[in-house]
Amino acid sequence: MLTSRVVGLDGTHPRGRIKGAALREFVTWVEQNWGREPLVSALAKLPARYAGLLSADRPGLGVLAASWYDGELAILLLEALFDGRAERERNRAIAEATQRLMEANLGSVYKRFFIRLFLSPNQYVIHAQKLWALHFDTGDVDAKLVGPKKILWRIAGWRTHHPILCRFVISSEPAVFGAMGCKNVRTSATTNEAGYDCTHYVEWD
C-alpha cells in the first residue's frame, strides 16, 4: 500500500484513516471556488485535539497527499465545510472535486496501477479492493456483475463511513469506469443490506 506516515492522533484510529490525496483535492477545490474564509472557519470548528495538524496559512491546508489522516479529522472537516451549504451547492462541490481527484490519480502513479489492473469491468470486480485501499485503510469491498453492464458495489466494516464520504465514493464511479471506456456511466444508491455499510449500483452503455 502506498504510504508515508500517519497524521492524526497517536494510537488507534476508531474511525479509520483516509489518504491525504483524497482530502487535499477537495480542500484545494474549496480554496479555488469558495475562497479561504470557509477553510479558516472550518479549522476553527475542529476539536482542540487536532490543533496544529492543518494550517490555514498553507496551500491545501498543508494536507500531504502521500500521508494517512485520522478518519474523524476528515469527517469533522468535511462537515464544517458543508455546514450551511445548500444541497445544490454540496452536489456541485462533490461532483467537481471528485472528478478532479480521479483525474489527478489516473494521471499519476495510480494511472499505471489502474491501467494494469482495471482494463475492463470484469477485472474491476476482481481488484476493486486494491483500488479502495489506495484511499482508505478499512472496509471490505464486494463488487459483483449483476448484469451485462451493471455492477452492484457493497462495502462492510468501513470505519470512516459517513454520508458525505459515501457521496464522494459514488461520484467517483463515472471517472473510474469512464477510464475503462464505458459510456454514459450512471450510479444509483440501493437500500443497505444487513452487514453492509453502504451499497450502490453502477451501470453503463
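In this predicted model, a good place to start is the hairpin that strands β4 and β5 form, with two residues between them. The two strands, β4 (residues 140-147) and β5, run antiparallel and are joined by seven bridges. One residue pair helps to locate this pairing by eye: V141 stands opposite I155 in β5.

The hairpin belongs to a wider arrangement. Four strands make up an open sheet with antiparallel pairing, and their order is β4-β5-β7-β6. At the edges stand β4 and β6 (186-189), each with a single partner strand, so one side of each has no neighbour in the sheet. On average, and with direction ignored, neighbouring strands of this sheet are turned by 20° against each other. Strands of a sheet pair through backbone hydrogen bonds, in either a parallel or an antiparallel manner.

Following the sheet onward from the hairpin, β5 is joined to strand β7 (residues 198-203) by six bridges, and these two strands run antiparallel. Here L152 has Y201 in β7 as its bridge partner. Strand β5 (residues 150-156) is largely enclosed by the rest of the structure, because six of its seven residues are buried. The sheet continues from β7 to β6, and these strands pair in the antiparallel sense over four bridges. In this pairing, A189 stands opposite H200 in β7.

Helices also lie against these strands. Helix α6 lies across β4 and β5, and runs at about 165° to β4. Helix α7 lies across β5, β6 and β7, running at about 20° to β7.

The packing of helices on one another comes next. Two packed helices are described by the angle between their axes and by the distance between those axes. For helix α6 (residues 121-132) and helix α7 (residues 163-179), the axes come within 13 Å and cross at roughly 130°. This angle makes α6 oblique to α7. The crossing in which α6 passes α7 is right-handed. On the α6 side the contact is made by P121, Y124, L131 and W132, and on the α7 side by V169, E173, V176 and F177. Sorted by class, this contact of α6 with α7 has seven nonpolar residues, no polar residues and one charged residue.

Helix α7 also packs with helix α3. The axes of α3 and α7 come within 9 Å and cross at roughly 90°. The two helices, α3 and α7, are therefore roughly perpendicular to each other. From α3, the residues I75, L78, E79 and F82 meet I164, L165 and F168 in α7. The classes in this contact of α3 with α7 are six nonpolar, no polar and one charged.

The last helix pair brings in helix α1. The axes of α1 (residues 20-33) and α3 (residues 71-82) come within 12 Å, with a crossing of roughly 20°. At that angle, α1 is roughly parallel to α3. The crossing of these helices, α1 and α3, is left-handed. Residues L23, F26, V27 and V30 of α1 make this contact with A74, L77, L78, L81 and F82 of α3. By class, the contact of α1 with α3 has nine nonpolar residues, with no polar and no charged ones. Residues L78 and F82 of α3 thus appear in the contact with α1 and also in the contact with α7.

Note on methods
Residues numbered from 1 in each chain as written. Predicted model: local features only at pLDDT ≥ 70, side-chain atom pairs only at ≥ 80, totals over all residues. Heavy atoms only, no water. Axes fitted to C-alpha atoms, helices over the stretch in contact; angles between N-to-C directions. Parallel < 35°, antiparallel > 145°, perpendicular 65-115°, else oblique. Left-handed = near helix turned anticlockwise from the far one by under 90°. Contact = heavy atoms within 4.5 Å. Nonpolar A, V, L, I, M, F, W, Y, C, P; charged D, E, K, R; others polar. Buried < 20%, exposed > 50% of the residue type's maximum accessible area, 1.4 Å probe, protein only. Pairing = 2+ DSSP bridges.
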